[in-house]
Amino acid sequence: MGTDIGGVIEARPAAGCWEVEIDLLHFQLGRDHDAWNALFDVRGMECLERPLFADRGLPDDVSEPVRENGVEDYQHSHTYATWAEVAAVDWDAPLADGPAWHWAGQWLPGEDGELALHDVVPATIELGEAAADTFGGDLLLAPSEWPAGGEVRLEGVVYRPVVLTARMLAPPDEGRWARVWTTMRDLAAEYGDENVRLVVWFG
């Protein structure tokens, strides 16, 4: 059985208690393991040293529906973030101090002909073999093991080691999580940045 995400967006009226505004089921987030890693350190990658909102537990003043439904024995990794915290995230800051072990950046020519980062993808066996051919040796080489400044060309694509960022794994302006952030931002315009928060758990 796989892991699923549960949670809500809460808001707090002036001088009031936290109330559920919307259930995360509404957003159909699915099992987005890459985003979960970057945001909450769930199903975590060893190469991520600084996930954004990990291991905070449930807030003491959580809304009653969460208190009733979010604390079953099988649920784990509870955490939360206010809109003020989400809005302050530097999505391009590195989540680790060195290149990722099992990820590589794909570089392709841009409109000006210069190479530009196109995507970040899990490293494959084929890429490991190509790295061994490029740098020597008979062992598969993960991107983090490549020489400084090293790159590998495979099927017309240039691959380089990459230090992962939150934008790479959980882009804030596209995809399912973008709808979560938009909803929080809209609620914050009504309640205030510190009075809107995301509460999540897994199970």
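This note goes through the aromatic contacts of a predicted model.

1. A search of the whole structure finds 6 aromatic pairs. In one of them, the ring centres of F40 and W177 are 5.7 Å apart and the planes meet at 55 degrees, so this pair is classed as tilted. Because F40 belongs to helix α1 (residues 33–40) and W177 to helix α6 (residues 176–191), the contact ties together parts of the chain that are 137 residues apart in sequence.

2. As for the surroundings of these two side chains, F40 has a relative accessible area of 3% and is therefore buried, and W177, at 2% relative accessibility, likewise counts as buried; the cut-off applied here is under 20% relative accessible area.

3. F40 also forms an aromatic pair with F202, with 6.0 Å from centre to centre and 55 degrees between the planes, and this pair too is tilted. Here the link runs from helix α1, which holds F40, to strand β8 (residues 196–202), which holds F202, and the two residues are 162 apart along the chain. Both F40 and F202 are buried.

4. The two pairs discussed above can be placed in a wider setting, since F40, W177 and F202 are members of one aromatic cluster that also includes W36, W91 and W181.

5. Two arginines should be examined together with the aromatic rings that they cover. R197 lies over the face of W18, at 3.8 Å from the ring centre, while R56 is placed over the face of Y80, at 5.5 Å from the centre of that ring.

Terms used: Residues are numbered from 1 along each chain as its sequence is written. This is a predicted model: local features need pLDDT of at least 70, side-chain atom pairs count only at pLDDT 80 or more; totals for chains, interfaces and linings use all residues. Side-chain values use heavy atoms; hydrogens and water are left out. Rings of Phe, Tyr and Trp (its six-membered ring) pair if their centres lie within 6.5 Å; planes under 30 degrees apart count as stacked, over 60 as edge-to-face and the rest as tilted. Helices (H or I, at least four residues) and strands (E, at least two) are DSSP runs, numbered from the N terminus. Buried means under 20% relative accessible area, exposed over 50%, partly exposed in between (1.4 Å probe, protein chains only). A charge sits over a ring if NZ of Lys or CZ of Arg is within 6 Å of the ring centre and within 35 degrees of the ring normal.
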